[in-house]
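Colleague: I should be grateful for a close look at the charged side chains of this protein, and at how they pair. Please set them in the context of the chain as a whole.

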Amino acid sequence: MSQATLHATTTRQHGSRGSRRLRGAGSIPGVVYGPGVSPVPVAVDAKAFRAAVSGDQGLNSLIHLDADGTTYTVLAREIQRHPTRGTVAHIDFQVVDPNQPVVAEVALHMIGDAVEVRHADWEVDQQLFSLMVKARPADIPVFVNVDISELKPGHSIRIGDLALPAGVSVAGDPAAVCVTSFQGRAAKTAAPGAPTA
């Protein structure tokens, strides 16, 4: 897993006025926190931050944060954005131990062809598009596949049914439904004997 280095300053001004000045100058205010670490207010260059999280791992990228000579291994968490412009307004940097598991959100990608569902004129509905997992930072997957090839009419795929990479476990409810099937219009008007829910 690649690790980016991001430089930060710890001398930023506090309060909304100081934060506005920082953003106007191309910086993002933030805070470093974690077990055994007192919260440290920081500011990072906006372009440098975007570069640090521009890889496949996105916001799950492991970052070496150099805060005026003190280095923290962090993940970017609690990203606050401007309500209209969508730009990053504040970042919480969580200090992590590379050898200890953390909770992270990853995307769910639906793959395969639900042949039986399609032939019955039913439809597939993806209900979850992301998944909370627990893994060491280096083991956090970019995404998790949901294979719908064996999905049958009236059945669902739950979080607990997913094949996760080694070292990765589910952090949420394993009974939560991520993909289900439902009767399409053609199935509802089909002759008696067609699959029903």
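Modeller: What follows treats the chain briefly, then the salt bridges, and then the residues around them.

The model is a predicted one. Its chain contains four helices and 13 strands. Of the 197 residues, 38% are buried. The accessible surface amounts to about 11,000 Å², and carbon and sulfur atoms account for 50% of that area. Among contacts between residues at least 6 apart in sequence, 63% join residues at least 24 apart.

Side chains of opposite charge can pair when their charged atoms come close. A search of the whole structure yields three salt bridges.

One of them joins Lys152 to Glu116, with an N to O distance of 3.8 Å. This pair links distant parts of the chain, since Lys152 lies in the loop between β10 (143-147) and β11 whereas Glu116 belongs to helix α3 (residues 115-119), 36 residues apart. Lys152 is partly exposed, because its relative accessible area of 32% falls between the 20% limit for buried and the 50% limit for exposed residues. Glu116 is likewise classed as partly exposed, at 42% relative accessibility.

Another salt bridge is formed by Arg118 and Asp113, whose closest N and O atoms are 2.5 Å apart. Arg118 is partly exposed, with a relative accessibility of 42%. Asp113 also counts as partly exposed, at 37%.

The remaining pair to be described is Asp139 with Arg136, whose side chains meet at 3.2 Å, N to O. Asp139 has a relative accessibility of 25% and therefore counts as partly exposed. For Arg136 the value is 38%, so that residue is partly exposed as well.

Strand β11, which bounds the loop of Lys152, comprises residues 156-158 and includes Ser156. Ser156 is partly exposed, at 30% relative accessibility. Leaving aside residues up to four places away in sequence, Ser156 touches Leu151, Asp161, Val177, Val179 and Thr180. The C-alpha atoms of Ser156 and Ser181 are 6.4 Å apart in space, while the two residues are 25 apart in sequence.

Charged side chains also appear in a positive surface patch, which is made up of Arg20, Arg21, Arg23 and Arg85. Of these, Arg85 is located in the loop between β5 (70-81) and β6 (88-95). Arg85 is exposed, because its relative accessible area is 62% and the class begins over 50%.

Two aspartates deserve a word on their backbone. Most residues other than glycine have a negative phi. Asp121, however, has a positive phi of about 60 degrees. Asp121 sits in the loop between α3 and β8 (122-126), and α3 is the helix that holds Glu116. With a relative accessibility of 42%, Asp121 counts as partly exposed. Asp68 has a positive phi too, near 50 degrees. The position of Asp68 is the loop between β4 (62-67) and β5, and Asp68 is partly exposed, at 47% relative accessible area.

Key:
Residues numbered from 1 in each chain as written. Predicted model: local features only at pLDDT ≥ 70, side-chain atom pairs only at ≥ 80, totals over all residues. Heavy atoms only, no water. Patch = residues over 30% accessible without salt bridge, like charges linked within 9 Å, V, L, I, M, F, W, Y side chains within 5 Å. Areas by Shrake-Rupley, 256 points an atom, 1.4 Å probe, with all protein chains shown as cover. Salt bridge = Lys/Arg side-chain N within 4 Å of Asp/Glu carboxyl O. Lys, Arg positive; Asp, Glu negative; His and termini not counted. Charge placed at Lys NZ, Arg CZ, Asp CG, Glu CD. Helix = DSSP H or I, 4+ residues; strand = E, 2+ residues; numbered from the N terminus. Buried < 20%, exposed > 50% of the residue type's maximum accessible area, 1.4 Å probe, protein only. Contact = heavy atoms within 4.5 Å.
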